[in-house]
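Here are a few exercises to work through with the structure open in your viewer. Try each one yourself before reading the solution.

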Amino acid sequence: MKAVVFIKPGQVEVQAVPKPKIDGDNQALIRVIRASVCGSDLWWYRGISERAANSLVGHEAIGIVEEVSSDVKNFHPGDFVIVPFTHGCGHCVACLNGFEGNCLNQQPHTNGGYQAEFMIYEPADSGLVKIPGNPEDYSEDQLASLQTLSDVMATGFHAARNAEIKQGMTVAVIGDGAVGLCGVIGAQLLGAEKIILLSHHEDRALLGKEFGATDVVATKGDQAIADVLTLTKENAGADAVLECVGAASAIEQAGQIARPGAVIGRVGVPQTEPKSNQLFWKGVGLRGGIASVTQPDKAILLQAVLDGRINPGKVFTKHFDLDHVEDAYEAMNQRTAIKSLLIVNNK
């Protein structure tokens, strides 16, 4: 089968590798229909973080169940499924409290290899999310939105949920990549009245407005902070802030635009940690981390896509087949695409 392999920083390629086989309990063999490149993939693609050479890559997919291990009860061959990047057991204290990204029972080596024609996922019974019908029942746009539910839409929603957004709040979103834009959707789903998107790119700002941002702040530095504050009650700051970048500077900026007592929801993968004193003096909370996927997909996000209430697939501004995966990575690396969709198999 074809699979994307990491060679070295700045280089991925498609290689012929053995088709995976079920070799344990609670496993499903998935024929991948759609996959995608994640912003976090760029850390090792750019050489900022370490990754083993010749390793399979990717952690976002939707596909068809081809085979399951004998103990799997909830899924059968032919099921159309979201394949989350998380691997929640569904019964540990982390999973039961909605933090499956921190599942206490995740098995080693169960995250990767989604950018391939076939993949193994475990734990199948508790992790996979069933999509009604078959891929051919959906338009290309709908398939793209379903694909976001494997990671980016759930991650944006996780930021919003961790920021404790409530009806009528004013929310600021730092980061106009796919996660930040999905954070705008998440804020709207949770009832935010005003959503301020900090964006320096016209195309991303326009999509953010389409997703529900009421205001866009395009300035930088101290001016951006001032401009956000003028959009809030008594210039005190936002009721909640979503940090979707992962830089220490973004956390520090979030603290400056948050009102006293606000909560910052962070989902950007941190490379360095920020100073925390300013958060202390304003009583600002900071929480977040690895997103949950299965639970929010089942509870709200899948139905919202099926009903047409949200269309997060619009973050995929360029589409590629598997043979052009290098172009898909470079499009995101050079910021000519917000997010790259990989069309792996036909419907």
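**Exercise 1.** Take strand S3 in this predicted model and work out how many of its residues are buried. Then find which strands pair with S3, and in what sense.

*Solution.*
- Step 1: Go through residues 28-36 and apply the cut-off, under 20% relative accessible area. Eight of the nine residues of S3 come out buried, so the strand is mostly covered by the cut-off used here.
- Step 2: Look for partners. Strand S5 (residues 61-68) pairs with S3 over seven bridges, in the antiparallel sense. To get your bearings, find Leu29, which sits opposite Glu67 of S5.
- Step 3: Keep going. Strand S7 (residues 118-121) is joined to S3 by four bridges, again antiparallel; here Ala28 has Tyr121 as its bridge partner.
- Step 4: Add strand S16 (residues 339-343), which runs antiparallel to S3 with three bridges. Ser36 and Leu341 are bridge partners here.

**Exercise 2.** Why do the buried residues of helix H12 end up on the same side of it? And which elements do they pack against?

*Solution.*
- Step 1: List the buried residues of H12 (residues 325-333): Val325, Ala328, Tyr329, Ala331 and Met332.
- Step 2: Check how they spread around the axis. Their arc is only 155°, which is why they share one side of H12.
- Step 3: See what that set packs against: strand S1 (2-8), strand S2 (11-16), helix H1 (41-45), strand S15 (316-321) and S16. S16 is also the strand we met as a partner of S3.
- Step 4: Step just past the end of H12 and check the backbone. Arg335 has a positive phi there, about 60°.

**Exercise 3.** Sort out the strand order of the six-stranded open sheet, then ask which helices lie on or across its strands.

*Solution.*
- Step 1: Trace the neighbours. You get S11-S10-S9-S12-S13-S14, paired in parallel.
- Step 2: Pick out the edges. Strand S11 (215-217) and strand S14 (285-288) each pair on one side only.
- Step 3: Get the twist. Ignoring direction, neighbouring strands are turned by 20° against each other on average.
- Step 4: Bring in helix H5 (residues 152-162). H5 packs on the sheet, where it touches strand S12 (238-243), strand S13 (258-266) and S14, and its direction makes about 150° with that of S13.
- Step 5: Now helix H9 (residues 248-257), which lies across strand S9 (170-174), S10, S12, S13 and S14 and runs at about 150° to S13.
- Step 6: Finish at the S11 edge. Strand S10 (residues 194-198) runs parallel to S11 with three bridges, and Leu198 has Val217 as its bridge partner.

Conventions. Residues are numbered from 1 along each chain as its sequence is written. This is a predicted model: local features need pLDDT of at least 70, side-chain atom pairs count only at pLDDT 80 or more; totals for chains, interfaces and linings use all residues. Side-chain values use heavy atoms; hydrogens and water are left out. Buried means under 20% relative accessible area, exposed over 50%, partly exposed in between (1.4 Å probe, protein chains only). Helices (H or I, at least four residues) and strands (E, at least two) are DSSP runs, numbered from the N terminus. Two strands pair if DSSP finds at least two bridges between them. The arc is that of the directions from the helix axis to the C-beta atoms. Contact means heavy atoms within 4.5 Å. Axes are lines fitted to C-alpha atoms, for helices over the stretch in contact, and angles run from 0 to 180 degrees between N-to-C directions.
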